[in-house]
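Q: Could you take me through one part of this structure up close? I'd like to see how a single helix sits among its surroundings.

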Amino acid sequence: MELTGPQSATTQGGQPSIEFITDPGRIRDANVRQFLELWQAAHVDGRAPGKSFLDPLRLRFLLGSLSLLEVEHDPLRFRYRLVGTDIVQRLGHELTGKFMEQHPDAALRPFLIKGATMVHHAAMPIYGHAKARTLGQDWLLEVVAVPLLGPDGEVAFIGSGQSFPPGKFELSGRA
């Protein structure tokens with residue numbers, strides 16, 4: 001993966017791309033866009049919400065495509081605390097309780113770790129998209145990951161909402 005600056009991580013030739021995002025209108029998928037809009041609306045006095053933001057009733061439109069990472073320190077690592085059933089079905093692996101470096105897709109793993117690290121360090125949401133091939137199908141992963149604060153005001157969790165319709169897609173577009 002080629003790092004193109006402190007605000008984005010991309011690779012050449014239609015490979016994964018990650019960038020900070022504040023404008024939901026740049027997101028193609030309506031459910032992923034709504035996820036970011038709800039996270040933005042959940043701020044109180046300019047402060048990002050905590051992990052209770054991932055309320056299944058509020059986010060039922062994206063329920064099977066949500067994940068929750070817990071941030072661990074010394075060293076910085078990310079542990080999957082919740083992985084939606086749609087994600088598990090597409091990967092063919094259950095990730096709940098595992099660390100991100102154990103993700104079964106070795107090609108996608110650096111993209112995911114970079115995105116989580118960006119969210120943690122900047123306490124800002126990221127938008128990412130990548131072409132992935134799992135279970136014999138091509139997918140366009142479109143994901144927004146958001147910081148979720150702990151009681152101390154630091155990023156303690158990272159929530160994400162994603163979409164991955166099957167088919168062959170070009171990665172160019174709004175993002």
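Here is a walk along one helix, then a look at the cavity it helps to line.

A: Sure! Keep in mind that this is a predicted model. Let's pick helix α3, which runs over residues 109-122. Its 14 residues reach 20 Å from the first C-alpha to the last, and that is close to the 20 Å expected at 1.5 Å a residue. Right after α3 comes A123, and its phi is positive, near 55°.

Now for what's tucked away. The buried residues of α3 are F111, L112, G115, A116, T117, M118, V119 and H120. In an α-helix there are 3.6 residues a turn, so residues three or four places apart point the same way.

Zoom in on H120, which belongs to α3. Its relative accessible area is 15%, and because the cut-off for buried is under 20%, H120 counts as buried. Leaving aside residues up to four places away in sequence, H120 touches V71, H73, L76, F78, V155 and I158.

There's also some empty space to explore. Searching the whole structure turns up one cavity of 30 Å³ or more, and the largest cavity holds about 420 Å³ of space. Its lining takes at least two residues from each of β4, β5, α2, α3, β6, β7 and β8. In total 27 residues line it, and those nearest its centre are H103, L112, L141, V143 and Q162. You've met L112 already: it's one of the buried residues of α3. Sorted by class, the lining has 20 nonpolar, six polar and one charged residues.

Technical notes: Residues numbered from 1 in each chain as written. Predicted model: local features only at pLDDT ≥ 70, side-chain atom pairs only at ≥ 80, totals over all residues. Heavy atoms only, no water. Helix = DSSP H or I, 4+ residues; strand = E, 2+ residues; numbered from the N terminus. Expected span 1.5 Å × (residues − 1). Buried < 20%, exposed > 50% of the residue type's maximum accessible area, 1.4 Å probe, protein only. Contact = heavy atoms within 4.5 Å. 1 Å grid on protein atoms, 1.4 Å probe; cavity = no way out; pocket = protein on both sides within 12 Å on 5 of 7 lines; lining within 4 Å. Points joined across faces, edges and corners; volume = space filled by probe spheres on them. Nonpolar A, V, L, I, M, F, W, Y, C, P; charged D, E, K, R; others polar.
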